[in-house]
Amino acid sequence: MVRTSLLSLVDVIAKVSPDSFIQQALQLAWYRDQGYVTATYESASTRGFLHGRTETIRSVTSESRAFVKAMLDPKLEVSIKLSISDNS
(Lines give C-alpha, C1' and ligand atoms only; values in the text may rest on other atoms or scores of the structure.)
Protein backbone atom coordinates (compact mmCIF):
# COMPACT_ATOMS: atom_id res chain seq x y z
CA MET A 1 0.00 0.00 0.00
CA VAL A 2 2.68 2.51 0.98
CA ARG A 3 4.81 1.60 -2.05
CA THR A 4 1.90 2.14 -4.43
CA SER A 5 1.09 5.49 -2.84
CA LEU A 6 4.70 6.66 -3.09
CA LEU A 7 4.97 5.65 -6.73
CA SER A 8 1.71 7.42 -7.51
CA LEU A 9 2.99 10.52 -5.76
CA VAL A 10 6.19 10.47 -7.84
CA ASP A 11 4.10 10.12 -10.99
CA VAL A 12 1.98 13.16 -10.09
CA ILE A 13 4.59 15.49 -8.58
CA ALA A 14 7.62 14.71 -10.72
CA LYS A 15 5.51 14.11 -13.85
CA VAL A 16 7.69 11.17 -14.80
CA SER A 17 7.23 7.46 -14.49
CA PRO A 18 8.38 5.96 -11.20
CA ASP A 19 10.93 3.88 -13.13
CA SER A 20 12.44 7.02 -14.69
CA PHE A 21 12.56 8.68 -11.30
CA ILE A 22 14.41 5.75 -9.74
CA GLN A 23 16.85 5.46 -12.67
CA GLN A 24 17.76 9.14 -12.37
CA ALA A 25 18.10 8.82 -8.59
CA LEU A 26 20.46 5.87 -9.09
CA GLN A 27 22.54 7.86 -11.59
CA LEU A 28 22.77 10.79 -9.17
CA ALA A 29 23.67 8.57 -6.21
CA TRP A 30 26.33 6.72 -8.20
CA TYR A 31 27.90 9.98 -9.38
CA ARG A 32 27.94 11.40 -5.85
CA ASP A 33 29.61 8.24 -4.55
CA GLN A 34 32.00 7.41 -7.41
CA GLY A 35 32.51 10.76 -9.16
CA TYR A 36 31.49 9.63 -12.65
CA VAL A 37 28.36 8.59 -14.54
CA THR A 38 28.08 4.95 -15.51
CA ALA A 39 25.74 2.73 -17.45
CA THR A 40 23.12 0.96 -15.38
CA TYR A 41 21.58 -2.33 -16.39
CA GLU A 42 17.86 -2.90 -16.46
CA SER A 43 16.39 -6.02 -17.97
CA ALA A 44 13.32 -5.91 -20.17
CA SER A 45 11.42 -9.05 -21.03
CA THR A 46 10.22 -9.50 -24.60
CA ARG A 47 9.00 -13.06 -24.03
CA GLY A 48 5.48 -12.06 -25.09
CA PHE A 49 6.76 -11.78 -28.65
CA LEU A 50 7.83 -14.50 -31.07
CA HIS A 51 11.31 -15.70 -30.05
CA GLY A 52 11.22 -13.22 -27.18
CA ARG A 53 14.03 -13.06 -24.68
CA THR A 54 15.48 -10.66 -22.15
CA GLU A 55 16.85 -7.42 -23.55
CA THR A 56 18.87 -4.71 -21.84
CA ILE A 57 17.82 -1.11 -21.32
CA ARG A 58 20.68 1.33 -20.84
CA SER A 59 19.65 4.45 -18.99
CA VAL A 60 22.69 6.68 -19.55
CA THR A 61 22.07 9.36 -22.12
CA SER A 62 23.52 12.81 -22.64
CA GLU A 63 20.32 14.13 -21.04
CA SER A 64 20.68 11.98 -17.92
CA ARG A 65 24.33 13.02 -17.63
CA ALA A 66 23.25 16.69 -17.87
CA PHE A 67 20.67 16.05 -15.14
CA VAL A 68 23.28 14.63 -12.77
CA LYS A 69 25.69 17.50 -13.39
CA ALA A 70 22.93 20.08 -12.95
CA MET A 71 21.65 18.63 -9.68
CA LEU A 72 25.12 18.88 -8.17
CA ASP A 73 25.89 22.40 -9.44
CA PRO A 74 25.25 24.80 -6.54
CA LYS A 75 25.38 27.80 -8.90
CA LEU A 76 22.35 26.75 -10.96
CA GLU A 77 18.94 28.06 -9.98
CA VAL A 78 16.22 25.56 -9.11
CA SER A 79 14.17 26.59 -12.16
CA ILE A 80 17.05 25.68 -14.47
CA LYS A 81 17.52 22.36 -12.68
CA LEU A 82 13.82 21.59 -13.12
CA SER A 83 14.03 22.45 -16.80
CA ILE A 84 16.97 20.09 -17.27
CA SER A 85 15.14 17.44 -15.27
CA ASP A 86 12.15 17.70 -17.62
CA ASN A 87 14.43 16.94 -20.58
CA SER A 88 16.20 13.94 -19.06
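# Talking through a small chain

Trainee: Let's start with Ile-57: what is its relative accessible area?

Mentor: Ile-57 counts as partly exposed, because its value falls between the 20% limit for buried and the 50% limit for exposed. Keep in mind that this is a predicted model. The relative accessible area of Ile-57 is 39%.

Trainee: Where is Ile-57 found, and which residues does Ile-57 touch?

Mentor: Look at strand S2, which covers residues 54–58; Ile-57 is found there. Leaving out residues up to four places away in sequence, Ile-57 touches Thr-40, Tyr-41, Glu-42 and Ala-44.

Trainee: In what order do the elements of the chain run?

Mentor: The chain has 4 helices and 2 strands. Start from the N terminus and read along, and you get α-α-β-β-α-α.

Trainee: How far apart should the ends of helix H2 be, and how far apart are its end C-alpha atoms?

Mentor: H2 takes in residues 18–34, so there are 17 residues to count. The expected span uses 1.5 Å times one less than that number. That should come to 24 Å, and the end C-alpha atoms agree, being apart by 24 Å.

Trainee: Which residues of H2 are buried, and what arc do they cover?

Mentor: The buried ones are Gln-23, Gln-24, Gln-27, Leu-28 and Tyr-31. They sit on the same side of H2, because around the axis they cover an arc of only 135°.

Trainee: What covers that buried side, and which exposed residues are on the face turned away from it?

Mentor: Strand S1 (41–45) and helix H3 (62–71) are among the things covering the buried residues of H2. Turn H2 so that its buried side points away from you, and the exposed residues on the face you see are Arg-32 and Asp-33.

Trainee: Does H3 have a buried side too, and what arc do its buried residues fall within?

Mentor: The buried residues of H3 are Ser-64, Phe-67, Val-68 and Ala-70. They line one face of the helix, because seen down the axis they fall within an arc of 165°.

Trainee: Which elements give two or more residues to the largest nonpolar core?

Mentor: That core has 5 residues: Leu-28, Tyr-31, Val-37, Phe-67 and Val-68. Val-68 touches Leu-28, Tyr-31 and Val-37 among others. The elements giving two or more residues are H2 and H3.

Trainee: How does the aromatic pair of Trp-30 and Tyr-36 count: stacked, tilted or edge-to-face?

Mentor: The count comes to 1 aromatic pair. The ring centres of Trp-30 and Tyr-36 are 6.1 Å apart, within the 6.5 Å limit for a pair. Their planes lie at 85°, and over 60 degrees is the cut-off that applies, so the pair is edge-to-face.

Trainee: Are those two residues buried or exposed?

Mentor: Trp-30 has a relative accessibility of 34%, and Tyr-36 has 42%. Both values lie between 20% and 50%, so Trp-30 and Tyr-36 count as partly exposed.

Trainee: What separates the C-alpha atoms of Lys-69 and Arg-32?

Mentor: Lys-69 lies in helix H3. Along the chain, Lys-69 and Arg-32 are 37 residues apart. In space, their C-alpha atoms are separated by 10.0 Å.

Trainee: And over the whole chain, what share of the residues counts as buried?

Mentor: The chain exposes about 6,800 Å², with carbon and sulfur atoms supplying 58% of that area. Of its 88 residues, the buried share is 17%.

Technical notes
Residues numbered from 1 in each chain as written. Predicted model: local features only at pLDDT ≥ 70, side-chain atom pairs only at ≥ 80, totals over all residues. Heavy atoms only, no water. Buried < 20%, exposed > 50% of the residue type's maximum accessible area, 1.4 Å probe, protein only. Arc of directions from axis to C-beta. Contact = heavy atoms within 4.5 Å. Phe/Tyr/Trp six-rings, centres within 6.5 Å; stacked < 30°, edge-to-face > 60°. Areas by Shrake-Rupley, 256 points an atom, 1.4 Å probe, with all protein chains shown as cover. Core = buried A, V, L, I, M, F, W, Y, C linked by side-chain atoms within 4.5 Å.
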